[in-house]
There are 2 protein chains.
Amino acid sequence: MSQQNIYDNEVFFEGYRNIRKNRGNANILIEKPALFSLLPDLRNKTILDLGCGYGENCGEFIALGAKKVTGIDISEKMLEVAQIENSDRKIEYRNISMENIHQLQDTFDVVISSLAIHYVRDFATLAKNAYNLLRNSGVFIFSQENPLNTCFTAGNRWTTNADGNAVYANISNYSVDGERKSKWYIDDVQKYHRTFSSIINALINAGFIIERLLEPVPTEEVMKSYPEYKKDIHKPDFLLVRAKK
Amino acid sequence: MSQQNIYDNEVFFEGYRNIRKNRGNANILIEKPALFSLLPDLRNKTILDLGCGYGENCGEFIALGAKKVTGIDISEKMLEVAQIENSDRKIEYRNISMENIHQLQDTFDVVISSLAIHYVRDFATLAKNAYNLLRNSGVFIFSQENPLNTCFTAGNRWTTNADGNAVYANISNYSVDGERKSKWYIDDVQKYHRTFSSIINALINAGFIIERLLEPVPTEEVMKSYPEYKKDIHKPDFLLVRAKK
């Protein structure tokens, strides 16, 4: 299937819901501060949130002064939660996949996406569609799994050297863009690996100017409280990009 | 030392000279075609080659129609070879380190560097200096070791999984920019690791617009003739960037 909707799978939905409730998860500790650090002043801006999920970010964009937020997601179940937990008269949730955003009639000041881009098979087309939906000087800001995390095709993510430090990362087939299967609550979660250069070149080809890349690692404070994130020093979990029309 | 000059070390010089004579080396097979694919039309252009070494590329830029090439290198021994092997009235070789290019009085249409940038401690300053030396719409084109190759601090570059395929790459301390020591003919060759995002952000901060990234891998033909390069599918040797003023 070209448009995967794992979030409407009951097993996945419950597993994911539990991890997102845990305040010590990598999204909250690492990805979210990095994503929000890339935001422009949102006051009076219109925002499109690709793969908005529960709408948590949509609510925060409104709190930061956004005029209107459109949150789209392929999963009706996610949007049902969003309507309950993050409802606002300035937020519109729509059951549209990231592959179909060209159907939207509006234009936006900011197109944003948190950890959903790696589910999209055709990033070149998504980048072009995002470009077309932006007003001039608008920005496309997204986080995704770091290419060092999306690449591997088999085996374990990490192996250890003689003294037990996890320094060997499995980056097998890093250079080969394409579909990857992984297990995350359910078997065969489909993701798409793209190298750093593929991602950046697709944005440039769409017309974007690259403004900032981030590969955030946990702060000292976070590593103290959550030692399991120390290994991110060897392989960051996320890549974030800000690109301007 | 902040400006390393390993190329004037006798042992290093001879080892390096031998590898560069081997027509099956990764520079010739992988890096050079990628570097030249990024070149604009060089006819009537002025070029600055950072870390020009033997001047092989300088000679080729002239063959491609360049008006004048300035080749700089920290190593007098390398420039002596350049003067013998790649001399041309349109090429000027100068014994200047990459750290001192701000001393140059000329401006250029193209600043280029093949596999030397990873020896420079302060890339942010180099990027600013390159920017200042370029005419408007000039381009900075460089190759360097891929960040997946410059990062590791200890142990082996590769380890293998149960079936003997080298899929585990040692990318220890990928997220930590800074000095690395490695052995390459001599002990303690100093290189500087920078993440993908550090490299790109330094260029953007200097004023550049990123135009293209490449992480070339060997062609099928090259892999057939040189099976040792098959592992590049897991971890590319090089990163190339074209950035525009």
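How many residues of chain B are in contact with residues of chain A? In this predicted model, 33 residues of chain B touch 33 residues of chain A. If you follow the chain B side of this interface, the elements that give two or more residues to it are strand E7 (168-170), helix H7 (196-206) and strand E10 (209-214) of chain B. E10(B) gives the most, with six residues. As for chemistry, the side of chain B that touches chain A has 17 nonpolar, eleven polar and five charged residues.

Now let's turn to the interior. The largest nonpolar core has 114 residues, and those with the most contacts inside it are Val111(A) and Val111(B). Take Val111(B) as a place to look around: beyond its neighbours within four places in sequence, it is in contact with Leu48(B), Leu50(B), Ala130(B), Leu133(B), Leu134(B) and Phe140(B). There is also a second, separate core of 14 residues, and among its members are Leu148(A), Leu148(B), Cys151(B) and Tyr174(B).

Finally, have a look at how two helices of chain A pack. The axes of H5 (residues 123-133) and H7 (residues 196-206) of chain A come within 9 Å and cross at roughly 40°. Because of that angle, H5(A) is oblique to H7(A). The crossing of H5(A) with H7(A) is right-handed. On the H5(A) side you will find Phe123(A), Ala124(A), Ala127(A), Lys128(A) and Tyr131(A), which meet Ile199(A), Ala202(A), Leu203(A), Asn205(A) and Ala206(A) of H7(A). Sorted by class, the residues of this contact are eight nonpolar, one polar and one charged.

Notes:
Residues numbered from 1 in each chain as written. Chains lettered and ligands numbered in written order. Predicted model: local features only at pLDDT ≥ 70, side-chain atom pairs only at ≥ 80, totals over all residues. Axes fitted to C-alpha atoms, helices over the stretch in contact; angles between N-to-C directions. Helix = DSSP H or I, 4+ residues; strand = E, 2+ residues; numbered from the N terminus. Parallel < 35°, antiparallel > 145°, perpendicular 65-115°, else oblique. Left-handed = near helix turned anticlockwise from the far one by under 90°. Contact = placed C-beta atoms within 7 Å. Nonpolar A, V, L, I, M, F, W, Y, C, P; charged D, E, K, R; others polar. Core = buried A, V, L, I, M, F, W, Y, C linked by C-beta atoms within 7 Å. Buried ≥ 20, exposed ≤ 12 C-beta atoms within 10 Å, placed from the backbone.
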